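Here's a quick tour of a protein model, written for someone who would rather look at the structure than wade through tables. Have the viewer open and follow along.

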Amino acid sequence: MSTTDSRTEDVRWDLSDLCAGADDARAGWTELVARAADLASRYRGTIASLGAPELRALLDEADELSQDLSRLQVYTFLRLSMDATDVEANDLTTIGRDRSAQIENDLLFLALEWIALDDDAAEGLLASAELVPYAHKLCVEREEKPYVLSEAEEQALNARRPVVSAWQSLHDRQISTLEVPFDEGEGERPHTVSELLSLLYRPDRAVRLGAIEALYEGLEPHADVLAACYDALVGDRLSTDRLRGFADPMQPTNMNNELDGATVEAMMTATEEAYGIGRKWFDAKAGLLGLDRLALADQYAPIGEARKFSWPEAVEVVDTSFGNFSPRLSEIFKACLDAGHVDARPRPGKAPGAYCTAVSKQILPYVLMNFTDRLRDVSTLAHEFGHATHNVLALEQQTWRSHRCGIPMAEVPSTFAQSLADDYLLDNESDAVTRAALAADRLENSFAAIYRQTVLARFERRAYGVRMEGLSLGVERLNELWIEENTKYYGDSLTLPEGYAYGWSYIPHFIHVRFYTYAYSFAQLVALLLYRRYREDPEAFTPKYLDFLGAGGAASPADLVAPFGLDLRSTDTWRGAFAELDAMRVNAETLSAA
Ligand SMILES: [Zn+2]
């Protein structure tokens, strides 16, 4: 496929870089299982006796194996994304799940024996030149050592997993099966939670107000069960924390994110100080919509209608805005398009949303989109190619194991890429309504990522605090905490509907991964800080930024951003990001008023 073809309307994946077909995939799985068993038979029980060159050889072999595993997993996953009802793809998914579990089990000894090494032996190995490409990830693995229990205790904890996940399934099921009767104007019909939430972006105010009221009315009768699920999970996590010796309920998440408590606290404090930027926008937006005061349902209401963007236009925007930053980024973008690694349009059976998935050092990443000619689809294309360019550059320079980073850093290049495309559009778009809509969208997306996710994390912190004092998390108490934390953000800049007290009850992150949400605030704010540095001095910034992309996950977040002069533990650093956000607010107000 050539670039000219990618400008036609029907851009689809070509999976031949991954695998020749289902038979090839099945044969691949069989071969991988044998390879993993062979590797384990040669190395299991030997880690403590390996010198640096032998350990390096083992890690290289495991890295190759992981990439072949990734290639087959991605093939299966993409087949399913193209058509959820494809029987062959579903069969491959089942095979893949079983084989992956088998392979992971066979390779588990590597991590366990590495953690079990005594500190002197590990430090000696880590100081060797041979292990440099793996050193950071190996260090991070060992940080868990003080919190790992005896084998028998770990097994007992593992055996309880199905019961813990039963609470999560119960919560998921309550929410996914919830249907609320609502009339959008074409007669009453049942609406799911996500359908009701999507109505908040509608231009018709009556629909928005009605949808939000219906949502909370629908949740209220289930709140008791939803609270019981949350209470059980928080209680369980806290007692496991006590066994492992974690002092703070945020510590396991922070360790996963490679962030210390001081960094997260500095970020959240600066965010709370800057809630006023959000309130100023809500006041201005009320004026733009001709209201005295916004209701919660107006928070994401469109101010004007942006024009449509064709796929070729979107490709042009991303290509040019990336190329203006660095030709290398637009080269990667075009290489992925030319290789048939983008699937652009929605089709029946195709997965919703958008994602980018890395494959291996040899194969370019794949991107899924559901492009429907909307302005926000252009931003999404840039976002996913922020991920893709990050993947490609990191995989050029790092091992497979070292290229990946956690959400706090992984979402920085995607957010940054969106800013490149958005700014290019703001400079070049001739339709004033589209420019205003873009500036408002961009601001409100940032608020949703920065402010709302921080409110969620603060609510969670308080819920764990209450539970640690020996009090239960019932509906009344959760309602109260929820309103208190939300009021800190919204103040009286908008009216919260009566039922909003149940706003905590449907959020899946609380149930599945505690304190998951602050990573999004973190990534947005770091992207804003980097973008500010870029605008101040593009020439000095660009090569450093390309190095940052190339570093992947081979260093901690603090070390990755140190070359830009950012000290993440300092509240002042984070305040710089809010100066940038406030400038975006002023711009959105100016463009909307014009
Ligand atoms: Zn992303």
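## Helix H14

What should the 14 residues of helix H14 (residues 275-288) span at 1.5 Å a residue, and how far apart are its end C-alpha atoms? Keep in mind that this is a predicted model. The expected span is 20 Å, and the end C-alpha atoms of H14 sit 20 Å apart, so the two agree.

Several H14 residues are buried: Tyr-275, Ile-277, Gly-278, Trp-281, Phe-282, Lys-285 and Ala-286. What do they pack against? On the helix side, the partners are H13 (261-273), H20, H21 (475-490) and H26 (571-593). Strands S3 (294-295) and S7 (494-495) are partners too. After H14 comes Gly-290, with a positive phi near 75°.

## The nonpolar cores

In soluble globular proteins, nonpolar side chains tend to be buried together. Here the largest nonpolar core has 136 residues, and Tyr-451, Leu-530 and Trp-574 have the most contacts inside it. Helix H20 (residues 432-468) gives the most to this core, with 16 residues. There's also a second, separate core of 46 residues, with Leu-15, Ala-36, Leu-50 and Leu-69 among them.

Back to Tyr-451: which residues does it touch, leaving out those up to four places away in sequence? Tyr-275, Ile-277 and Gly-278 are among them, along with Thr-271, Ala-274 and Ser-446. Tyr-451 also touches Tyr-489, Phe-578 and Leu-581. Those three residues 275, 277 and 278 are also on the list of buried H14 residues.

## Helix H8

Helix H8 (residues 161-176) has 16 residues, which at 1.5 Å a residue should span 22 Å; its end C-alpha atoms are 22 Å apart, so that checks out. Its buried residues are Val-164, Gln-168, His-171, Gln-174 and Ile-175. Looking down the axis of H8, these fall within an arc of 125°, so they line one face of the helix.

That buried set packs against helices H9 (193-198), H10 (205-219), H11 (223-244) and H22 (508-512). On the face turned away from the buried side, you'll find Pro-162, Val-163, Arg-173 and Ser-176 exposed.

## Cavities

How many cavities of 30 Å³ or more does the structure hold? There are five, and the largest has a volume of about 60 Å³.

The lining of the largest cavity includes Lys-137, Asn-257, Glu-258, Arg-404 and Cys-405. Helix H19 (407-428) and helix H25 (557-561) each supply at least two residues of this lining. Pro-408, Met-409, Pro-557 and Leu-560 are also among the lining residues.

How values were computed. Residues are numbered from 1 along each chain as its sequence is written. This is a predicted model: local features need pLDDT of at least 70, side-chain atom pairs count only at pLDDT 80 or more; totals for chains, interfaces and linings use all residues. Side-chain values use heavy atoms; hydrogens and water are left out. Helices (H or I, at least four residues) and strands (E, at least two) are DSSP runs, numbered from the N terminus. The expected span of a helix is 1.5 Å times one less than its number of residues. Buried means under 20% relative accessible area, exposed over 50%, partly exposed in between (1.4 Å probe, protein chains only). The arc is that of the directions from the helix axis to the C-beta atoms. Contact means heavy atoms within 4.5 Å. A nonpolar core is a set of buried Ala, Val, Leu, Ile, Met, Phe, Trp, Tyr and Cys residues joined through side-chain atoms within 4.5 Å. On a 1 Å grid over the protein atoms alone, a cavity is a set of points where a 1.4 Å probe fits but cannot get out, and a pocket is an open set with protein on both sides within 12 Å along at least five of seven lines; lining residues have an atom within 4 Å of a point. Grid points are joined across faces, edges and corners, and a volume is the space filled by probe spheres set on the points.
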